[in-house]
Amino acid sequence: MAMFQRENEAGIKDAETVIGATVSVEGNFVGAGDIVVDGRVSGTLKTSKNLRIGEGATIKADIEAANIVIAGEVRGHVTCAGRVEVLPTGKIFGNVDSQTI
């Protein structure tokens with residue numbers, strides 16, 4: 001099962017939202033589509049679709065998504081309805097609630 005098709009560097013074919021490497025977001029970020037994070041997020045990050053945390057990304061937030069791929073660093077609670085995939089460069093400091101890791 002391919003959560004994210006490898007069509008671009010971010011790993012999502014048609015991401016609704018991309019938080020670029022030079023972008024920093026603070027607060028509650030809620031989306032309904034696929035999200036790619038290559039920058040920094042602090043607070044909460046939620047989507048009803050897929051979430052990809054890029055290799056250079058730093059997340060200090062509780063995150064929630066249908067499926068999650070982590071290549072960067074996450075500090076916070078991870079809640080996932082489906083599958084969490086942690087790539088070799090990925091780090092999680094916190095609890096993970098998921099169907100599959």
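Does Arg83 count as buried, exposed or partly exposed, and at what relative accessibility? Hold that one for a minute while I set things up.

What we have here is a predicted model, where local features need pLDDT of at least 70, side-chain atom pairs count only at pLDDT 80 or more, and totals for chains, interfaces and linings use all residues. Residues are numbered from 1 along each chain as its sequence is written, and side-chain values use heavy atoms, leaving out hydrogens and water.

Okay, the fold. The protein chain has 0 helices and 11 strands; these are DSSP runs numbered from the N terminus, H or I of at least four residues for helices, E of at least two for strands. Of its 101 residues, 43% are buried, and buried here is under 20% relative accessible area, exposed is over 50%, partly exposed is in between, with a 1.4 Å probe and protein chains only.

Now contacts, meaning heavy atoms within 4.5 Å. Take the ones between residues at least 6 apart in sequence: 10% of them join residues at least 24 apart.

On to the inside. The largest nonpolar core has 19 residues; a core like that is a set of buried Ala, Val, Leu, Ile, Met, Phe, Trp, Tyr and Cys residues joined through side-chain atoms within 4.5 Å. Val37, Val41, Leu51, Ile53, Ile59, Ile63 and Ile68 have the most contacts inside it. At least two core residues come from each of strand 3 (35-37), strand 4 (40-47), strand 5 (50-53), strand 6 (58-65), strand 7 (67-70) and strand 9 (78-86). Strand 6 gives the most, with 4 residues. Have a look at Ile53 as well: leaving aside residues up to four places away in sequence, Ile53 touches Val37, Ile59, Val69, Ile70, Ala71, Gly72 and Val74.

Right, charges. There are 2 salt bridges in the structure, each a side-chain nitrogen of Lys or Arg within 4 Å of a carboxyl oxygen of Asp or Glu. One of them joins Arg83 to Glu85, with the closest N and O atoms 3.2 Å apart. And back to my opening: Arg83 is partly exposed, at 25% relative accessibility. Glu85 is partly exposed too, at 24%.

The other pairs Glu73 with Arg75, 2.8 Å from N to O. Arg75 has a relative accessible area of 38%, so that one is partly exposed. Arg75 also lies over the face of Phe93, 4.0 Å from the ring centre; the test is NZ of Lys or CZ of Arg within 6 Å of the centre and within 35 degrees of the ring normal.
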